[in-house]
Amino acid sequence: MAEVSLQHQPWYVRRPLVALAPMEDITDNVYRRLVRSIDREVVLYTEFTNASGLLAGAERVWQMLEFTEEQRPLVMQLYDYDAEKLGTATGDVVRRCRPDGIDLNMGCPVRKVANRGAGCGMMADPVYAAEAVKRMVDASGGVPVSVKTRLGIRRKDEILEVAERCLEAGAAQITIHGRLKADRPRTPADWDAVSRAAVAIPVPVMGNGDIWNEHDALRMIELPGIDGVMLARAAIGNPWVLRRCRQALAGEPIDPLPDAEERARIALKHLRLNVEEKGDRRGVVELRKVVRNYIKGFSNTRRTWMRIIETEDLLETARILETFAREAHAIDPIHYRTEPV
Ligand SMILES: Cc1cc2nc3c(=O)[nH]c(=O)nc-3n(C[C@H](O)[C@H](O)[C@H](O)COP(=O)(O)O)c2cc1C
């Protein structure tokens, strides 16, 4: 039988299906390149990008969609409160970037987004949400349109009507974050509710929320209706976790946990790419948002962290990370669970 190239199949049919979640200011071009350098297969998402901003031609907004070819499969996530703008922006993005998928954000709970009817606010009006999906599908030239959403605004079964209408409008895949709009990040994600919804949804569903390691990924994928897993916070400063999850789901041997040397190597690469793309100062300062996770779980973690936040100097930051690698002793080598941020 002829081998079917994954390249020509929609991203959501690949198995195992493991995705880096969209994260504002985290899953930028630099971090996606880094994750791709560690794993060839995981699906990458851009951070959410505002359709109105794209249509206004804001360079800063278009920059959020810059990517390198090796990042494919790459899904670009859009948000807006205006269905028409979402449709038009989808057409523009497809023409300019030809992503492997376009995702509609229906999960963002931030007030200034959701109160205007964008993000999670879209769940309040499933008919309008479906109108947005339809316009996106009509404009996408065959690039699959997916939806990332929560269980609901107030009730955990709101997802059912939203998903049904979005599917009628042509959505090809749904990702469900197992929380309600008002839930705190520390509220445990309700995987059973995600699974109950997934069983009722006839397209591939990724489960999201509180997947911290490969054990969680295996537990999530075993739930009825779940076709794939999406990781967000666990993957901040921890690109290896995605590969480990994919290996676990594929039944492959799992890579050893990264030692201090490997952590420092990738943190330094992150720093270098940041600086190349954003300049010295911003590159250094932005590494701080994530560097704590890179260096977590070692005897000198705290000391290293304190020194890093005291400097904005590129060479000094690089030296601190090199020293970290030389002096680190693992204090909890089997853990490596990133706590909620
Ligand atoms: C810093 C940060 C930024 C986020 N930005 C986005 C975003 O741009 N689009 C989106 O759909 N979700 C966004 N999310 C939500 C995550 O994609 C994910 O649904 C949520 O964190 C739950 O997954 P987790 O428990 O694996 O972190 C963000 C989360 C975090 C922590």
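**Close-up views of a predicted model**

**View 1. Strand S4 and its parallel neighbours.** Strand S2 (residues 43-45) pairs with S4 in the parallel sense over two bridges, where strands are DSSP E runs of at least two residues, helices are H or I runs of at least four, both numbered from the N terminus, and pairing requires that DSSP finds at least two bridges between two strands. The model is predicted, with local features needing pLDDT of at least 70 and side-chain atom pairs counting only at pLDDT 80 or more, while totals for chains, interfaces and linings use all residues. Residues are numbered from 1 along each chain as its sequence is written. Leucine 44 stands opposite leucine 74 in S4. Strand S3 (residues 49-50) also pairs with S4 in the parallel sense, over two bridges, and asparagine 50 has tyrosine 79 of S4 as its bridge partner.

**View 2. From S4 to S5.** S4 and strand S5 (residues 101-106) pair in the parallel sense over four bridges, and methionine 76 stands opposite isoleucine 102 in S5. Between these strands the chain passes through helix H4 (residues 83-97) in a right-handed β-α-β crossover, a term meaning that, with the strands pointing away from the viewer, the path from the first strand over the helix to the second runs clockwise.

**View 3. The two faces of S4.** Six of the six residues of S4 (residues 74-79) are buried, so this strand is largely enclosed by the rest of the structure; a residue is buried if 20 or more other C-beta atoms, placed from the backbone, lie within 10 Å of its own. In a regular strand the side chains alternate between the two faces of the sheet. Leu74, Met76 and Leu78 lie on one side of S4, and Val75, Gln77 and Tyr79 on the other.

**View 4. The nonpolar cores.** The largest nonpolar core (buried Ala, Val, Leu, Ile, Met, Phe, Trp, Tyr and Cys residues joined through C-beta atoms within 7 Å) has 84 residues, and those with the most contacts inside it are Ala19, Leu20, Val133, Val229 and Leu231. Helix H6 (residues 126-139) supplies the largest share of this core, seven residues. Apart from it lies another core of 18 residues, including Ile266 and Tyr294.

**View 5. The ligand shell.** Around the ligand are 23 residues, of which the closest are Ala21, Pro22, Phe48, Ala232 and Arg233, a residue being near if its C-beta atom, placed from the backbone, lies within 6 Å.

How values were computed:
Buried ≥ 20, exposed ≤ 12 C-beta atoms within 10 Å, placed from the backbone.
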